[in-house]
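Please open the model in a viewer and keep the sequence panel visible. The tour below proceeds by selections, each followed by an account of what is found there.

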Amino acid sequence: MFGQASRELAQAVADSGYRPDLILSIARGGLFVAGSLGYALDVKNLHVMNVEFYTGVDQRLDMPVMLPPVPNAVDLSGARVLVADDVADTGATLKLVRDFCADHVADVRCAVIYEKPRSAVRCEYVWRRTDRWINFPWSTLPPVVQRENQVLDA
């Protein structure tokens with residue numbers, strides 16, 4: 001249902017009148033959402049922010065951590081930014097990214113496929129709300145290659 005979800009999410013953004021200048025994806029789950037939104041909203045300017053928070057299923061660090069390379073604030077200056085992620089669980093990752101953008105951009109809004117009730121961030125664009133654990137097709141199976149010292153994903 002990802003295709004339907006991302007298309008309906010894009011339609012919600014378009015229907016609101018918001019016209020982002022760029023889409024900032026939160027890697028890695030947000031990459032799929034951002035790409036789909038980019039096509040549907042005709043936005044080619046996509047950026048990536050790497051944030052580490054989850055270390056396993058429902059296990060996380062105390063706080064999310066931005067990993068390099070961090071987007072240059074100059075590249076975001078004055079832009080209308082749509083932050084894209086697959087799920088707003090605790091909302092800590094989205095809050096970190098939204099707050100990073102807030103001082104540099106004209107407007108920042110968030111779009112997610114799923115939002116949970118406990119999320120610290122209320123996203124402007126949400127496909128579905130749930131309190132259940134979500135298994136996405138891109139992160140359900142273990143990696144084909146296991147790297148040393150790699151943090152496990154949720």
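Two strands are said to pair if DSSP finds at least two bridges between them. Helices (H or I, at least four residues) and strands (E, at least two) are themselves DSSP runs, numbered from the N terminus. This is a predicted model, in which local features need pLDDT of at least 70 and side-chain atom pairs count only at pLDDT 80 or more, while totals for chains, interfaces and linings use all residues. Residues are numbered from 1 along each chain as its sequence is written, and side-chain values use heavy atoms, with hydrogens and water left out.

**The whole chain**

Select the protein chain and colour it by secondary structure. Four helices and six strands appear, in the order α-β-α-β-β-α-β-α-β-β from the N terminus on. Of the 154 residues, 42% are buried; buried means under 20% relative accessible area, exposed over 50%, and partly exposed in between (1.4 Å probe, protein chains only). A contact is defined by heavy atoms within 4.5 Å. Among contacts between residues at least 6 apart in sequence, 65% join residues at least 24 apart.

**The paired strands**

Select strand 4 (80–88). Eight of its nine residues are buried, so strand 4 is largely enclosed by the rest of the structure. Now add strand 1 (22–27). Strand 1 and strand 4 pair in the parallel sense over four bridges, and L24 stands opposite V83 in strand 4.

Next, add strand 5 (107–115). Which sense does its pairing with strand 4 take, and over how many bridges? The two strands pair in the parallel sense, over eight bridges. Within this pairing, V81 has V108 of strand 5 as its bridge partner, and A88 stands opposite E115. To pass from strand 4 to strand 5 the chain goes through helix 4, and this β-α-β crossover is right-handed. The term means that, with the strands pointing away from the viewer, the path from the first strand over the helix to the second runs clockwise.

Finally, add strand 6 (125–129). Strand 5 and strand 6 also pair in the parallel sense, here over four bridges. The bridge partner of A111 in strand 6 is Y125.

**The nonpolar cores**

A nonpolar core is a set of buried Ala, Val, Leu, Ile, Met, Phe, Trp, Tyr and Cys residues joined through side-chain atoms within 4.5 Å. In soluble globular proteins, nonpolar side chains tend to be buried together. Select L24, V81, V83, L94, V97, C101 and C123: of the 21 residues in the largest core, these touch the most other members. Strand 1, strand 2 (46–56), strand 4, helix 4 (92–102) and strand 5 each supply at least two residues of this core. Helix 4 gives the largest share, four residues.

Centre the view on L24. Leaving aside neighbours within four places in sequence, L24 is in contact with residues including M49, P71, V81, V97 and C101. Apart from this core lies another, of 17 residues, among them L9, V43, A84 and I113.

**Two loops with notable backbone geometry**

Select A27 and R28. The peptide bond from A27 to R28 is cis, with omega near 15 degrees. R28 lies in the loop between strand 1 and helix 2 (29–41).

Move on to D42, in the loop between helix 2 and strand 2. Phi of D42 is near 55 degrees, a positive value in a residue other than glycine. Is D42 buried or exposed? D42 counts as exposed because its relative accessibility is 64%.

**K116 and R129**

Select K116, in the loop between strand 5 and strand 6. K116 counts as buried because its relative accessibility is 6%. Its contacts, leaving aside neighbours within four places in sequence, include V87, D89, R122 and W133.

End with R129, in strand 6. R129 counts as exposed, at 58% relative accessibility. Under the same exclusion of neighbours within four places in sequence, R129 is in contact with E115 and C123. The side chains of R129 and E115 make a polar contact (3.2 Å). Such a contact is a pair of N or O atoms within 3.5 Å; within protein, one must be able to donate a hydrogen and the other to accept it, and residues adjacent in sequence count only if both atoms are side-chain atoms. R129 and P117, 12 residues apart in sequence, are 7.3 Å apart in space, C-alpha to C-alpha.
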